[in-house]
Amino acid sequence: MSTNMATSSNYWEDLRKQARQLENELDLKLVSFSKLCTSYSSSSSSSKDQRTRDSRTGSVDSSQDNMLVAMTTELEQQLANLSAVNDKMAEYTNTPGVVSHNAALMHTLQRHRDILQDYTHEFHKTKSNFFSLREREDLLGSVHRDIESYKSSTGVNNRRTELFLKEHEHLRNSDSLIDNAISIAMATKENITFQRGMFKSIQTRVTTLANRFPTINSLIQKINLRKRRDSLILGGVIGVCTILLLLYTFH
C-alpha cells in the first residue's frame, strides 16, 4: 500500500514539473511573440513611400511572416500540451486513494488552470492585434498604390494630390502613435492585474499566518499601505504619460 502511494505521489510531482516547465517556456515565448509583433508594427509604421513599402513587403515582411507563423504554431502546440497535462492532473485528483489530499490537489490544479487561461488569453489577444494591424496595413498599402498608379497614368503632379498624401501620412503616423500608446497602456494594465492576482494569493496565505501569529499583523498593514500608495503613483504616472503623448500627437 505504501509503495502504491509513493508511486502515485511521484506521478503527481512529475505532472507538476511538466506543467511548470511548459509554463516557463510559454512565458518566455509569449514575450518573444509580443516583441516580434511590435517590431512588425514598427517596421510597418516607418515606411515613408511606395518604394520603401514594396521593399519591406518583398523581404523583411516575408521573413517576419514566416517567423510569426512558426512561432504561432509552436505556441499553439505548447498550449495544447499544457492543457493535456492539466487534464491528466484533473484525472489524478479523481483517482481512488488520494481523496484525503483532494483539497490541496484541487487548489494546485486550479492554479495551473488559471495560468493556462491567462497565457491562452494573452496569446489570442496578441495574435488578433497582429492580424488586425496587418489587414489595416494592406488596406492602406492598396490605397497608396492606387494613388500612385493614378498619378503615373495622368503624368500630372497635382498639388492637391500631394497635400492629400501628406495629410494621409500625417494621419497615419498619428494613428500609429495613438495605437502604440494604447497598446502600452493596455499591456501595463494587464501586467498590473496579473501581478495583483498573484499578490492577492500571497496576501491570503500571509493573512492566514498573521491570524496565527498576531505580531505579523502590523507588518501586513504596512505592506498594504505601501502597495496602495505604489499603485496610486504608478496609475498617476501612466495617466500623465498618456495625456502628454496625446497632446504631443495632436499639436
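Is Gln 78 buried or exposed? At 8% relative accessibility, Gln 78 counts as buried, because the cut-off for buried is under 20% relative accessible area. The model is a predicted one. The chain holds 5 helices and 0 strands, and two of its pockets are described below along with the surroundings of Gln 78.

**Fold and surface**
- Along the sequence, the elements follow the pattern α-α-α-α-α.
- The chain has 251 residues, of which 25% are buried.
- About 17100 Å² of the chain is exposed, and carbon and sulfur atoms supply 59% of that area.
- Of the contacts between residues at least 6 apart in sequence, 77% join residues at least 24 apart.

**Surroundings of Gln 78**
- Gln 78 belongs to helix α2, which covers residues 50-93.
- The side chain of Gln 78 makes a polar contact of 2.7 Å with the side chain of Glu 25.
- With neighbours within four places in sequence left aside, the residues in contact with Gln 78 are Leu 22, Glu 25, Leu 26 and Lys 29.

**Largest pocket**
- The largest pocket encloses about 1800 Å³ of space.
- Its lining consists of 48 residues, and those closest to the pocket centre are Glu 122, Thr 126, Ala 187, Glu 190 and Asn 191.
- Helices α1 (2-45), α3 (102-154) and α4 (159-212) each contribute at least two residues to the lining of the largest pocket.
- Helix α4 provides the largest share of this lining, with 19 residues.
- By residue class, the lining of the largest pocket has 14 nonpolar, 18 polar and 16 charged residues.

**Second largest pocket**
- The second largest pocket holds about 320 Å³ of space.
- Its lining is made up of Ile 192, Gln 195, Arg 196, Phe 199, Lys 200, Gln 203, Lys 227, Asp 230, Ser 231, Leu 234 and Gly 235.
- The elements giving two or more residues to this lining are α4 and α5, the latter spanning 217-250.
- Helix α4 gives the most to the lining of the second largest pocket, namely 6 residues.
- The lining of the second largest pocket divides into 3 nonpolar, 4 polar and 4 charged residues.

**Helix α4 in both pockets**
- Helix α4 supplies the largest share of the lining of the largest pocket, and α4 also gives the most to the lining of the second largest pocket.

How values were computed: Residues are numbered from 1 along each chain as its sequence is written. This is a predicted model: local features need pLDDT of at least 70, side-chain atom pairs count only at pLDDT 80 or more; totals for chains, interfaces and linings use all residues. Side-chain values use heavy atoms; hydrogens and water are left out. On a 1 Å grid over the protein atoms alone, a cavity is a set of points where a 1.4 Å probe fits but cannot get out, and a pocket is an open set with protein on both sides within 12 Å along at least five of seven lines; lining residues have an atom within 4 Å of a point. Grid points are joined across faces, edges and corners, and a volume is the space filled by probe spheres set on the points. Helices (H or I, at least four residues) and strands (E, at least two) are DSSP runs, numbered from the N terminus. Ala, Val, Leu, Ile, Met, Phe, Trp, Tyr, Cys and Pro count as nonpolar, Asp, Glu, Lys and Arg as charged, and the others, Gly among them, as polar. Buried means under 20% relative accessible area, exposed over 50%, partly exposed in between (1.4 Å probe, protein chains only). Contact means heavy atoms within 4.5 Å. Accessible areas come from the Shrake-Rupley method with a 1.4 Å probe; for residues, only the protein chains shown count as cover. A polar contact is a pair of N or O atoms within 3.5 Å; within protein, one must be able to donate a hydrogen and the other to accept it, and residues adjacent in sequence count only if both atoms are side-chain atoms.
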